Amino acid sequence: MHENIEVDVVVGGAGACGVMAALRASEDPDIVVAVLEKSMTEGCNAGVSSGSLAAGGTRFQEAAGIDDSAERHADDILAASGDERHRELVDALCGVAADYVHWVADDLGYPMDVGTDMARKGMSVPRLHADPARAGGGPLMGHLRRLLADRPNVAVLDEAPVTGLRVEDGTVVGVRARQGGHDLVVSADVTVLATDGFAGNRALMQEFCAELGDPFHGGVSTATGDAIGWLRPLGAELRNMGACLRHGQVTLHGTRVNPALPWLGAVLVNRDGERFVDEQANGYSGLAGVVQGQPGERAVMIWDDEAQQTAQHSEMMRESESAGALRRAPDITSLAAALRIDRSVLEASLQPLPGRRALVAPFHYAWLTHGVLTTQGGVAIDPHGRVLRTDGTSIEGLRAGGGVAVGLAGTQSGGYSSGNGLLSAFGMGWIIGNEISSGR
Ligand SMILES: Cc1cc2nc3c(=O)[nH]c(=O)nc-3n(C[C@H](O)[C@H](O)[C@H](O)COP(=O)(O)OP(=O)(O)OC[C@H]3O[C@@H](n4cnc5c(N)ncnc54)[C@H](O)[C@@H]3O)c2cc1C
């Protein structure tokens, strides 16, 4: 027994890329869209993310007196990744980022501002946008999913995982899926794959990212790289498969501390009290490998009230606080005792680096390790989200974006710039959806 469904567009995955693609495609009331989601209960990475949207040249930046542009954004990303091969893709995504940030804020009614308190490695000006309460990606995705479900020309099917692609003469003509014990056979003119990467798939992580060891996985369980399994047999090229969005500021409770802390004066030492890195030398993804190299794959981050004042304004700090991951010590003696580090060693490590301020007691601290949030390798796509085979041709009938596709970090996790993940996802969803609704 199976059910046949015929639509204009079928989207696999109701996360950042899939929801944006479906919202934009369905702006044309004559286009019928089906969105198939594996499990809204398990969630999507966008929903557990910080919801920080990188965009250059927005009205929010202008109002804050920040001079930025899509070009500068792209240059920053490429300077960090060194991945000139993907310049066109990066340009295309940065070129639409301000548009969808404005659309989400002004047309879809989700509050946004630019995070002048969100300093990040390699970001030459503040360009992360988030809701003023810094509530994270959950409320944002809830808002977008509700709007999508209300569209009369969209059907959102939950607990309906895509199980494979339907291919006729090399052209993708839809998908197969399962829902409530039934097989669904979906026919569509365009199939959009937005099912994210493979950080939740141990076999694929072993195959492509073995040097990460067995890191804590801070993303959702649905990211099992299903699309890799469907696209490999079709000859799709896989690129930058060893790169991930890693995080070097994961607490031992699985939460994260605010990535701005190093720019607010926070100091990192290892279990022996050694200050093993200039805290501002890496982004959080690059820092993960440095923390991995420390004894026990552990480090402790130490900061003070002045840093806490700014850093606490973040869902990451609120989650870490309620998990019990954030500690306090009134002075250096009690801090050394709590960390079991020799007081004089710790004191020496807390001396400010040239040009940095000295921390002032009382202290805040958190034990950290490294984790992987999402993968950044994926199928090759062109700037329109067309999936490319190893011979450079594209697969007819198919588009892909977000974590299914190659990310913007280049070949190494250290090349990841903050905001790249949702830029790839919302940006390509925007591009694909707009092209569908305008008949391209
Ligand atoms: C803790 C954390 C914090 C992050 N913070 C940020 C941030 O602040 N800024 C930023 O830019 N990036 C951030 N990221 C990265 C960002 O969340 C991801 O890059 C982005 O969500 C990828 O978008 P996507 O649409 O590809 O996947 P997702 O948002 O994960 O959506 C994919 C959807 O597909 C569904 N799915 C999977 N398989 C199937 C299937 N077979 N059939 C149907 N549906 C399926 C999933 O259930 C999911 O709903 C963060 C990630 C994590 C884990």
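**Close-up 1. Charged, nonpolar and polar residues share the lining of the second largest pocket.** Seven of the lining residues are charged (Asp, Glu, Lys or Arg), six are nonpolar (Ala, Val, Leu, Ile, Met, Phe, Trp, Tyr, Cys or Pro), and three are polar (the others, Gly among them). The lining has 16 residues, and those nearest the pocket centre are D189, V190, R399, I436 and R440. A pocket here is an open set of points on a 1 Å grid over the protein atoms alone where a 1.4 Å probe fits, with protein on both sides within 12 Å along at least five of seven lines, and lining residues have an atom within 4 Å of a point. The space inside comes to about 250 Å³, taken as what is filled by probe spheres set on the points, with points joined across faces, edges and corners. Two or more lining residues come from each of β1 (2–12), β9 (182–193), β19 (394–400) and α14 (420–437). β19 puts in the most, with six. Helices are DSSP runs of H or I with at least four residues and strands are runs of E with at least two, numbered from the N terminus.

A word on the model behind these views: it is predicted, so local features need pLDDT of at least 70 and side-chain atom pairs count only at pLDDT 80 or more, while totals for chains, interfaces and linings use all residues. Residues are numbered from 1 along each chain as its sequence is written, and side-chain values use heavy atoms, with hydrogens and water left out.

**Close-up 2. T222 sits in the loop between β10 (216–217) and α8 (226–231).** T222 is buried, at 13% relative accessible area (buried is under 20%, exposed over 50%, partly exposed in between, with a 1.4 Å probe and protein chains only). Its side chain reaches the backbone oxygen of G43 at 3.2 Å. Leaving aside residues up to four places away in sequence, T222 touches K38, S39, E42 and G43 (contact means heavy atoms within 4.5 Å).

**Close-up 3. Helix α1 (residues 16–25) is mostly covered.** In α1, 10 of its 10 residues are buried; among them are C17, M20, L23 and R24.

**Close-up 4. Cysteines C17 and C94 without a disulfide.** The disulfide count is zero, using a cut-off of 2.5 Å between a pair of cysteine sulfur atoms. The closest cysteine sulfur to that of C17 belongs to C44, and at 11 Å it is too far for a bond. C94 is unpaired too, with the sulfur of C17 its nearest at 16 Å. C17 is buried at 4% relative accessibility, and C94 is buried at 1%.

Conventions
A polar contact is a pair of N or O atoms within 3.5 Å; within protein, one must be able to donate a hydrogen and the other to accept it, and residues adjacent in sequence count only if both atoms are side-chain atoms.
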